[in-house]
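Here is a short briefing on a protein model. Read the bullets with the structure open beside you.

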Amino acid sequence: MSEASSKIVCQDLWKIYGRNPKSVLDMASSGLSKQEVLEQTGYVLAMKNVSLEVRENEIFVVMGLSGSGKSTLIRCLNRLIDPTRGRVTIDGVDIVKMKTHQLREFRRHKISMVFQNFGLLPHRSVEDNVAFGLAVRGEKGKQRDEKVMLAIEMVGLKGWEKSRPHELSGGMQQRVGLARALAADTDILLMDEPFSALDPLIRRQMQDEFLKLRDTVKKTVVFVTHDLPEALKLGDRIAIMKDGEIVQIGAPEEVVAEPADDYVSEFVKDVPRLKVFSAGAIMEKPAVVLWDNFDVETAIKEMSVNQVTVSFTTNSRGQLTGVITLKEAIDAAKRGPARLGDIIRQKIPTTSPDSSLEGITQLVANSDVPVAVIDENDYLLGVITRRTLLRAMEAVQAESETSS
Ligand SMILES: Nc1ncnc2c1ncn2[C@@H]1O[C@H](COP(=O)(O)OP(=O)(O)OP(=O)(O)O)[C@@H](O)[C@H]1O
Ligand SMILES: [Mg+2]
């Protein structure tokens with residue numbers, strides 16, 4: 001499981017709350033449910049056999065109903081909670097074994113957290129709150145002030161530095177919490193339902209801003225939510241927890257297309273409204289389409305200039321003939337001059353503009369290239385990427401929530 005790109009690896013994590021948790025661990029791990037453990041021992045089995053891997057620079061969402069163990073899990077990642085059993089490895093280091101001073105360094109430099117209820121110091125100004133983590137690790141002077149200002153600007157709170165938290169709205173207070181975490185400039189950001197206290201409009205705005213921010217500052221993010229639209233919008237992958245266990249991990253479109261059980265189905269039940277949306281309604285215009293008579297060098301140049309990693313190809317009449325990724329083109333060019341038509345993939349996922357989104361979800365999920373939308377004469381009308389589909393799902397879901 002520990003590929004080179006894994007940032008965080010959890011192996012066989014268990015958490016039991018109670019006076020002497022280890023005493024019931026054997027019994028709990030013999031296969032009893034959370035409910036059975038509670039009835040027989042009075043102990044709470046909050047996390048059961050959780051194994052997962054978070055990749056570098058992804059947004060990994062943990063979703064589940066209240067009490068399913070999300071906070072317990074995320075707090076094991078910075079050891080605000082010690083797991084009863086199991087390993088948490090971050091950048092290859094087992095953090096469960098860390099001594100106090102190592103842990104302190106690790107929390108100051110490697111990992112920061114944004115809490116649901118903001119967790120601000122009420123009597124300190126915005127800038128003091130943002131500077132808090134930096135001050136704790138002994139940073140002072142001009143350099144610290146610059147980092148603080150930069151973080152405050154990033155979250156759009158310039159001009160509010162001297163204000164106290166109670167003078168700010170909920171959304172602004174949450175920005176302060178986010179700025180504090182950003183100022184620490186750690187590789188990993190843990191976010192436990194950071195936007196739950198915000199009203200829906202502000203919440204959506206914060207999500208958009210957060211995604212934009214994330215494009216500029218690369219970080220590995222673990223994000224807890226119980227809100228499906230939020231999970232679909234933000235997550236590169238989603239883990240779904242139920243009664244302390246992970247019941248499914250997958251890309252958002254996989255979770256929607258193939259829910260692992262009834263619990264997951266219940267979460268995604270409104271998404272079948274996708275039936276009413278068509279591929280033609282959400283398709284996008286491809287940034288680049290290549291003529292298959294081009295030579296491979298021209299193709300590479302076109303794709304590079306337009307910053308795309310994959311392109312469809314057409315014949316001289318404009319009919320779809322294939323697809324090629326930038327990597328495939330570069331590999332081919334290394335072997336020598338070639339005409340695109342001779343090196344493209346001819347087997348490509350296609351759909352018609354009137355297919356339902358529900359019908360194409362699996363096609364999109366299973367393909368490493370966008371799905372081509374073509375008419376009955378094989379003319380390329382548009383393309384649907386995973387991102388396109390996710391945005392549509394998120395919009396449909398958000399709409400169904402406001403209308404219900
Ligand atoms: N300190 C504690 N002592 C005893 N039981 C606890 C403690 N903290 C959490 N629990 C229990 O552990 C289980 C998991 O709780 P956790 O807070 O991790 O859930 P959650 O998914 O974050 O829920 P929410 O969405 O409400 O925040 C719950 O049954 C909860 O009652
Ligand atoms: Mg919680």
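**Pockets, strands and cavities**

The lining of the second largest pocket is made up of 12 nonpolar, six polar and four charged residues. The model is a predicted one. The points below start with that pocket, then move to another pocket, a buried strand, a helix, the cavities and a sheet.

**The second largest pocket**

- The volume of the second largest pocket is about 380 Å³.
- Its lining counts 22 residues, and Val 308, Thr 309, Val 310, Pro 370 and Thr 385 are the closest to the centre.
- At least two lining residues come from each of strand S12 (310-314) and strand S16 (380-384).
- The top contributor to this lining is S12, which gives three residues.

**The largest pocket**

- The largest pocket has a volume of about 460 Å³.
- It has 16 lining residues. Nearest its centre lie Arg 107, Ile 111, Ser 112, Met 113 and Gly 133.
- Four elements give two or more residues each to this lining: helix H4 (100-109), strand S6, helix H5 (126-136) and helix H7 (170-183).
- By type, the lining of the largest pocket has eight nonpolar, four polar and four charged residues.

**Strand S7 and its partners**

- Is strand S7 mostly covered or mostly open? Strand S7 spans residues 188-192, and five of its five residues are buried.
- In a regular strand, side chains alternate between the two faces of the sheet.
- S7 shows two sets of side chains: Ile 188, Leu 190 and Asp 192 point one way, while Leu 189 and Met 191 point the other way. Both sets are buried.
- Strands of a sheet pair through backbone hydrogen bonds, and the pairing is either parallel or antiparallel.
- Strand S6 (residues 111-114) is parallel to S7, with four bridges between them. In this pair, Ile 111 has Ile 188 of S7 as its bridge partner.
- Strand S8 (residues 220-225) also runs parallel to S7, and five bridges join the two. Here Met 191 sits opposite Phe 223 of S8.
- How does the chain get from S7 to S8, and what is the hand of the crossover? The chain passes through helix H8 (residues 200-216), and this β-α-β crossover is right-handed.

**Helix H5**

- Which residues of H5 are buried? They are Val 126, Asn 129, Val 130, Ala 131 and Leu 134.
- An α-helix has 3.6 residues a turn, so residues three or four places apart point the same way.
- The buried residues of H5 pack against two helices, H6 (141-154) and H7.
- H7 also gives two or more residues to the lining of the largest pocket, as does H5 itself.
- Gly 138 follows H5, and its phi is positive, near 85 degrees.

**Two cavities**

- How many cavities of 30 Å³ or more does the structure hold? There are two.
- The largest cavity has a volume of about 40 Å³.
- Its lining consists of Leu 182, Leu 189, Phe 210, Leu 213, Arg 214, Val 217 and Lys 219. Leu 189 is also one of the buried residues of S7.
- H8 gives the most to the lining of the largest cavity, with three residues.
- That lining has five nonpolar residues, two charged ones and no polar ones.
- The second largest cavity has a volume of about 30 Å³.
- Around the second largest cavity are Leu 52, Val 54, Phe 60, Val 62, Leu 73, Ile 74, Leu 77 and Val 222.
- Strand S2 (44-55), strand S3 (59-64) and helix H3 (70-76) each give two or more residues to the lining of the second largest cavity.
- What kinds of residue make up the lining of the second largest cavity? Eight are nonpolar, with no polar and no charged residues.

**A four-stranded open sheet**

- An open sheet holds four strands in the order S2-S1-S4-S5, and the pairing is antiparallel.
- Its edge strands are S2 and S5 (93-94), each of which pairs on one side only.
- S2 also contributes to the lining of the second largest cavity.
- Strand S4 (residues 85-90) and S5 are antiparallel and share two bridges.
- In the S4 and S5 pair, Ile 90 has Val 93 of S5 as its bridge partner.

Conventions:
Residues are numbered from 1 along each chain as its sequence is written. Chains are lettered from A and ligands numbered from 1 in the order in which they are written. This is a predicted model: local features need pLDDT of at least 70, side-chain atom pairs count only at pLDDT 80 or more; totals for chains, interfaces and linings use all residues. Side-chain values use heavy atoms; hydrogens and water are left out. Buried means under 20% relative accessible area, exposed over 50%, partly exposed in between (1.4 Å probe, protein chains only). Two strands pair if DSSP finds at least two bridges between them. A crossover is right-handed if, with the strands pointing away from the viewer, the path from the first strand over the helix to the second runs clockwise. On a 1 Å grid over the protein atoms alone, a cavity is a set of points where a 1.4 Å probe fits but cannot get out, and a pocket is an open set with protein on both sides within 12 Å along at least five of seven lines; lining residues have an atom within 4 Å of a point. Grid points are joined across faces, edges and corners, and a volume is the space filled by probe spheres set on the points. Ala, Val, Leu, Ile, Met, Phe, Trp, Tyr, Cys and Pro count as nonpolar, Asp, Glu, Lys and Arg as charged, and the others, Gly among them, as polar. Contact means heavy atoms within 4.5 Å.
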